[in-house]
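Let's explore the empty spaces inside a protein together. Have the sequence and the model ready as you read.

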Amino acid sequence: MEVIITEEEQIGSLVADEIQQLLAGKPEAVLGLATGSSPLHVYDELARRTAEGEMSFARARGFTLDEYVGLPSWHPCSYRTVIDEELVSRVDFAPDAVRALDGSAADLAEACAEYERGIEAAGGVDLQILGIGTDGHIAFNEPGSSFASRTRVKTLTAQTRRDNARFFGGEVDAVPRHCVTQGLGTIMQARRIVLIAIGGGKAEAVHHLVEGAVSAKWPGTILQHHPHVTLVVDEAAASRLQFADYYRYVYAYRDAVGEAPAA
Ligand code: GLP
């Protein structure tokens with residue numbers, strides 16, 4: 001796993017560079033789009049670059065990761081609304097190019113299965129953007145999630161409902177108890193994964209993600225088995241990484257393979 005420790009202000013342009021490069025080589029690329037606060041710098045930067053004519057999403061497609069059960073798609077806290085506001089409406093995606101899970105479908109199991117088919121029909125996700133929960137969840141795969149899981153209904157932990165209450169006016173009781181989420185097995189099929197974590201609240205989850213034992217207790221640890229993951233974190237989120245100095249060193253010399261050390 002590549003670990004990049006940087007200033008929070010740099011995260012947007014660093015990750016936007018990856019996406020811009022991908023779309024330059026493959027304009028019809030499929031993006032996996034996380035919601036939550038972690039990718040917001042990236043989405044701001046993508047919106048800016050699109051407005052400046054530096055890049056285009058006109059042929060790209062996207063899939064969001066997860067959704068609350070019971071919230072209609074127009075609800076201000078639904079991830080459909082959030083991704084539309086934070087990214088889709090600010091760049092030039094074609095209409096309906098970004099799909100989101102429907103948490104108010106009458107048949108949730110069928111909606112989940114259909115979503116899986118949609119990802120497959122699109123050719124799979126080229127680049128998946130992820131955040132991580134303080135309890136180590138990715139998408140809404142809470143501790144105990146099967147590493148082989150596919151898109152399905154899950155029950156949120158009390159911790160996640162408390163963490164996400166800030167989006168619901170601080171009301172924990174307003175946060176739905178259930179969600180639909182891409183599974184860990186689904187996410188692992190993305191060809192490239194970029195996970196962003198910001199702030200000291202993520203430090204423990206980040207430590208386990210990179211350096212801990214692979215365990216259902218910290219679902220994000222499954223990413224240790226993925227061949228192409230980049231973790232982009234600020235200093236606070238990196239504060240519990242035991243090998244932080246080594247990761248900084250690796251990054252500093254990433255383009256210098258084969259160069260002899262200074263005499
Ligand atoms: C939420 C979302 C995740 C997100 C994570 C971190 O519950 N379901 O997809 O990555 O938790 O959220 P944030 O980026 O707001 O810290």
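**Cavities, a pocket and a buried residue**

Q: How many cavities of 30 Å³ or more are there?
A: On a 1 Å grid over the protein atoms alone, a cavity is a set of points where a 1.4 Å probe fits but cannot get out. A volume is the space filled by probe spheres set on the points, which are joined across faces, edges and corners. With a limit of 30 Å³ or more, the count is 1 cavity.

This is a predicted model, where local features need pLDDT of at least 70, side-chain atom pairs count only at pLDDT 80 or more, and totals for chains, interfaces and linings use all residues. Residues are numbered from 1 along each chain as its sequence is written, and side-chain values use heavy atoms, leaving out hydrogens and water.

Q: Which element gives the largest share of the lining of the largest cavity?
A: Lining residues have an atom within 4 Å of a point, and here they include I4, L14 and V232. Helices (H or I, at least four residues) and strands (E, at least two) are DSSP runs, numbered from the N terminus. Two elements give two or more residues: β10 (229–233) and α1 (8–25). The largest share, 3 residues, comes from α1.

Q: Is T181 buried or exposed?
A: T181 lies in strand β8 (residues 178–181). Buried means under 20% relative accessible area, exposed over 50%, and partly exposed in between (1.4 Å probe, protein chains only). Because its relative accessibility is 0%, T181 counts as buried.

Note on methods: 1 Å grid on protein atoms, 1.4 Å probe; cavity = no way out; pocket = protein on both sides within 12 Å on 5 of 7 lines; lining within 4 Å.
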